[in-house]
Amino acid sequence: WILKRVLVAGSGFLADGYDLYIIGGVEHVLAEEFGCLRASRSDCIPPDEMKGFKSMTSSAALFGAILGQLIFGALADRLGRRVIFIVTGTLIILGSLGSALVQEFGAGPRCMYQLVACRALLGFGIGGEYPLSATICAEGTAARRRGTLMGLVFSNQGLGYLLSATVMVILVYSGASLEFTWRFALAFGAVVPTISLYFRMQMHESESFEKVSQARENGDGGIDLSKTVRRYAWHLAGTAGNWFLFDIVFYANGLFNADVMHIIDPPGDGLHEVANATLIVVLIMLPGYIAGVIFINKLGRKNMQILGYANMVVWFGIAGFAYEWLRADAPWLFVAIYGLTFFFSNFGPNMTTYVIPGEIFPSQAKATLHGISAASGKFGAFLGASLMPIVTGNPVTGEGIRHAMFVCAIIALLGLALTVFLTPRYGPEDLAPKQPDETVGFVMLYFQRSAQKGRAEKAGEAVSSDQSTETGDASEDSSND
């Protein structure tokens, strides 16, 4: 039962990881088939236009995901988790198959425009998986193992990376035609969501959502969204802010790729070299996911996020200060540092930014606020992808890479500070409902606890003062008698 829940809830994340990484390989294949630098066809795509198409396909999926996170998160809190989970899974299937079945009409490879539209549809569905999978797993799991299972759900993203790299390696080395390679690679992204869709249809709504629905029917004003948002405003600033900052930094891990691949494998831009490089990068990423699942309950969410950020500051800082020396005189140490940036990203804020908003927010707004947090992360990824090339230079220079590493270290430091002040420290018992109408107990932030303690102390002093006054009055009355 537990394994089925993890697989069903994690199928969207597997699709997310698969499609995020497969598109890079597919773009190289499309450049071979349609690009003027490689293809011999008369209606080939010029290099600048091909570069524009690559940017459009990435941006379409990203903005589709942002809309999906916001829209489907809000709908899931109103219409129910099950029906929206079926919708998002269906969109992933349609987007994947549509991407694989694009056709050429008229002169030139017009299928590229269709691919952009299908990628936007795919991103729309994947975006909805973020708040839905977190909410479903959090509401359907016992508190003592919730963190581990949510970590497992999120780690399906890493499995998606591995699956995409493996599929591309097999296709390239099997000698398949260019057209078959990119069409099969895109279509394969629909396999797991299709299997998952049957099990989604068998799901039932969670008890927490049923409780919220009943409260709405009874006109309970305590579950009003605006009131909930006001109560959790600082928590939301922490979850959304951390996801935003982390995704800016996470993009920078890709800046290492070319240097690391030159160390591990001889330079080359053919399909075999690209497929090999992608597989190697994915294998470097996976240990962090495994460590995160093992230790998230033992360390606690906040501690794990602080640990991840702190190490990111250290390793990005070292990479910045010693970049030229590492690259020239200690290449394998450079590879190790590269691996550590990935390790502590995944064994840290990459996982906890997903888990924390899935746990701390109440069911009447859980999917909505998780969706807002996730959308902030995607916006951060877009910002990082847009602005980081300005830092690294175009073309990329060694000095630009150094500057980028320092920027990433500073942003990770900001994430560390935000975690300290706006991420609650809690255990499973802290999330137990404290009032009959609650689905999740309210966990105060540090400054909120301090303020409450201060108010309690003042109230205690006032009571003591009143008692002393009453005692004095009583003594005076006694002496008068």
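**Figure 1. Glu129 pairs up with Arg200 in a salt bridge, with 2.8 Å between the closest N and O atoms.** A salt bridge here is a side-chain nitrogen of Lys or Arg within 4 Å of a carboxyl oxygen of Asp or Glu. Glu129 sits in helix α4 and Arg200 in helix α7, so the pair ties together parts that are 71 residues apart in sequence. (Helices are DSSP runs of H or I with at least four residues, strands are E runs of at least two, and both are numbered from the N terminus.) Glu129 and Arg200 are both buried, where buried means under 20% relative accessible area, exposed means over 50%, and partly exposed covers what is in between (1.4 Å probe, protein chains only). Keep in mind that this is a predicted model: local features need pLDDT of at least 70, side-chain atom pairs count only at pLDDT 80 or more, and totals for chains, interfaces and linings use all residues. As for bookkeeping, residues are numbered from 1 along each chain as its sequence is written, and side-chain values use heavy atoms, with hydrogens and water left out.

**Figure 2. Helix α7, residues 191–201, has a buried side.** The buried residues in this helix are Pro193, Ser196, Leu197 and Arg200. They share one side of α7 because they cover an arc of only 120 degrees around the axis, the arc being that of the directions from the helix axis to the C-beta atoms. Flip to the other side of α7 and you get Ile195 and Tyr198, which are exposed.

**Figure 3. Zooming in on Ser196 of helix α7.** Ser196 counts as buried, at 5% relative accessibility. Leaving out residues up to four places away in sequence, Ser196 touches Val8 and Ser11; a contact means heavy atoms within 4.5 Å. Gly10 is another residue to find in this view: Ser196 and Gly10 are 186 residues apart in sequence, yet their C-alpha atoms are 9.3 Å apart in space.

**Figure 4. Arg81 and Glu139 form a salt bridge that links two helices.** The closest N and O atoms of Arg81 and Glu139 are 2.7 Å apart. Arg81 belongs to helix α3 and Glu139 to helix α4 (residues 111–139), so this pair ties together parts 58 residues apart in sequence. Arg81 and Glu139 are both buried. The structure holds six salt bridges in total.

**Figure 5. Within helix α6 (residues 178–187), Arg183 and Glu179 make a salt bridge.** Here the closest N and O atoms are 2.9 Å apart. The two residues are four apart, about one turn of the helix. Arg183 is buried, with a relative accessible area of 18%, while Glu179 is partly exposed at 39%. Elsewhere, salt bridges with shared partners join Asp77, Arg81 and Glu139 into one network.

**Figure 6. A nonpolar surface patch of about 600 Å².** Its members are Leu67, Leu70, Ile71, Leu75, Leu79, Val83, Val87 and Ile372. For the record, patches are built from residues with over 30% relative accessible area and no salt bridge; like charges are joined within 9 Å, and nonpolar side chains (Val, Leu, Ile, Met, Phe, Trp, Tyr) within 5 Å. Accessible areas come from the Shrake-Rupley method with a 1.4 Å probe, and for residues only the protein chains shown count as cover. Helices α2 (47–79) and α3 (81–100) each bring at least two residues to the patch, and α2 has the largest share, with five. Leu79, placed in helix α2, is exposed, with a relative accessible area of 54%.

**Figure 7. Leu333 in helix α15, residues 331–346.** Leu333 counts as partly exposed, at 41% relative accessibility. Not counting its neighbours within four places in sequence, Leu333 is in contact with Trp325 and Leu326.

**Figure 8. Two buried cysteines, Cys118 and Cys408.** Cys118 comes in at 17% relative accessibility and Cys408 at 0%. A search of the whole structure turns up zero disulfides, a disulfide being a pair of cysteine sulfur atoms within 2.5 Å.

**Figure 9. Zooming back out to the whole chain.** The chain has 19 helices and zero strands. Of its 481 residues, 52% count as buried. Among contacts with a separation of 6 or more, 83% are between residues 24 or more positions apart. The chain exposes about 20900 Å², with carbon and sulfur atoms supplying 65% of it.
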